[in-house]
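Student: Please take a close look at a single residue and its surroundings, and then at the sheet elsewhere in the model.

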Amino acid sequence: MPELPEVKLYLHALRPRVVGETIERLRIRSPSLLKTWDPPVSEVHGKVVRGLSRLGKRVVFGLDDDLFAVVHLMISRRFQWRDAGAAIPRKRGHAAFDFAHGSLLLTEASSHKRASLHLVRGREALRDHDPGGIEPLEAGPDEFAAAIRRENRTLKRALADARILSGIGNAHSDEILLRARLSPVQLTSRLTDEEVERLRSAARASLTEWSERLIEEAGEDFPTKVTAFHPAMSAHGKYGEPCDQCGTAIQRIVYATRETNYCPTCQTGGKLLADRALSRLLRRDWPRRLEDLESRRRPPGGG
């Protein structure tokens with residue numbers, strides 16, 4: 001799912017293409033995409049895009065007459081910029097915003113249809129789509145500390161909770177926690193003041209650097225295949241690969257369709273966190289520490 005850096009990348013690419021331009025037509029191919037009926041889709045026809053903004057992981061198009069189009073891309077949805085009037089793909093297409101000089105397509109990379117489009121009128125209605133999390137790039141030490149400690153959660157869950165922090169999900173929370181050298185399962189209630197500030201600094205630095213990196217890599221081109229994974233990431237999606245800080249193999253916790261990646265040396269003091277699938281299978285044989293895992297990997301008689 002696109003997170004704060006990826007949404008900022010889309011905003012960077014969209015602003016010169018659509019701000020100040022008129023939406024000639026909004027074509028909806030997938031009925032499940034549109035989650036509102038009032039105002040109707042026809043209301044946006046002929047409206048000028050006055051601004052673009054981010055609301056958590058959502059892209060907001062600010063239009064004439066206090067109208068807003070709120071797009072949530074969810075896990076595998078993407079924007080594509082095509083020639084004006086381009087056909088919406090039959091299998092993977094959701095919608096198209098048609099402009100005189102091009103069409104912005106909303107597509108998906110999987111068969112699941114989870115993306116959403118809400119058309120709302122007025123800022124009060126727009127606020128209903130804000131989960132309420134604070135902005136990690138703007139929050140000062142006191143505001144950040146209050147938010148992260150408001151509920152007793154594991155750090156992984158707290159970082160990815162849109163009610164606590166805005167725009168962070170599964171991928172960038174892994175990067176932030178490795179940078180902060182904090183365990184994903186550490187409870188927020190047990191954080192010291194120094195650890196909270198370390199977490200805030202890591203979040204600001206990581207999200208800023210990734211935002212700038214993605215924008216620089218895209219340049220003036222419209223980005224393609226935008227996901228919350230990048231080959232240059234240090235932790236997320238790097239299971240089994242060496243940590244770029246210490247060389248230890250990155251480990252993971254798998255739950256449902258998601259996983260948490262972490263470095264046991266940098267983040268957990270050498271302790272291996274129980275993976276639901278493997279620890280349930282191995283039970284007493286589950287290695288508890290890094291050295292236990294390494295000893296299992298050595299061939300018999302090996303040094």
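Tutor: In this predicted model, Thr188 is in contact with Ile148, Arg149, Glu151, Asn152, Arg153, Thr154, Leu155 and Ala158, leaving aside residues up to four places away in sequence. Thr188 itself sits in the loop between helix 5 (170–180) and helix 6 (193–218). Its relative accessible area is 0%, and because the cut-off for buried is under 20%, Thr188 counts as buried. One of the residues it touches, Glu151, also offers a polar partner: a polar atom of the Thr188 side chain lies 2.8 Å from the backbone oxygen of Glu151. That distance falls within the 3.5 Å limit for a polar contact.

Now the sheet. It is open and has 4 strands, in the order 1-6-7-5, with antiparallel pairing. The edges are taken by strand 1 (25–28) and strand 5 (77–82); each has a single partner strand, so one side of each lacks a neighbour in the sheet. On average, neighbouring strands here are turned by 15° against each other, with direction ignored.

Within this order, strand 6 (residues 93–99) and strand 7 (residues 102–108) are joined in the antiparallel sense by 6 bridges. In one of the bridges, Phe97 is partnered by Leu104 of strand 7.

Helix 1 (residues 4–18) lies across strand 5, strand 6 and strand 7. Relative to strand 5, which is an edge strand, helix 1 runs at about 30°.

Conventions:
Residues are numbered from 1 along each chain as its sequence is written. This is a predicted model: local features need pLDDT of at least 70, side-chain atom pairs count only at pLDDT 80 or more; totals for chains, interfaces and linings use all residues. Side-chain values use heavy atoms; hydrogens and water are left out. Two strands pair if DSSP finds at least two bridges between them. Helices (H or I, at least four residues) and strands (E, at least two) are DSSP runs, numbered from the N terminus. Axes are lines fitted to C-alpha atoms, for helices over the stretch in contact, and angles run from 0 to 180 degrees between N-to-C directions. Contact means heavy atoms within 4.5 Å. Buried means under 20% relative accessible area, exposed over 50%, partly exposed in between (1.4 Å probe, protein chains only). A polar contact is a pair of N or O atoms within 3.5 Å; within protein, one must be able to donate a hydrogen and the other to accept it, and residues adjacent in sequence count only if both atoms are side-chain atoms.
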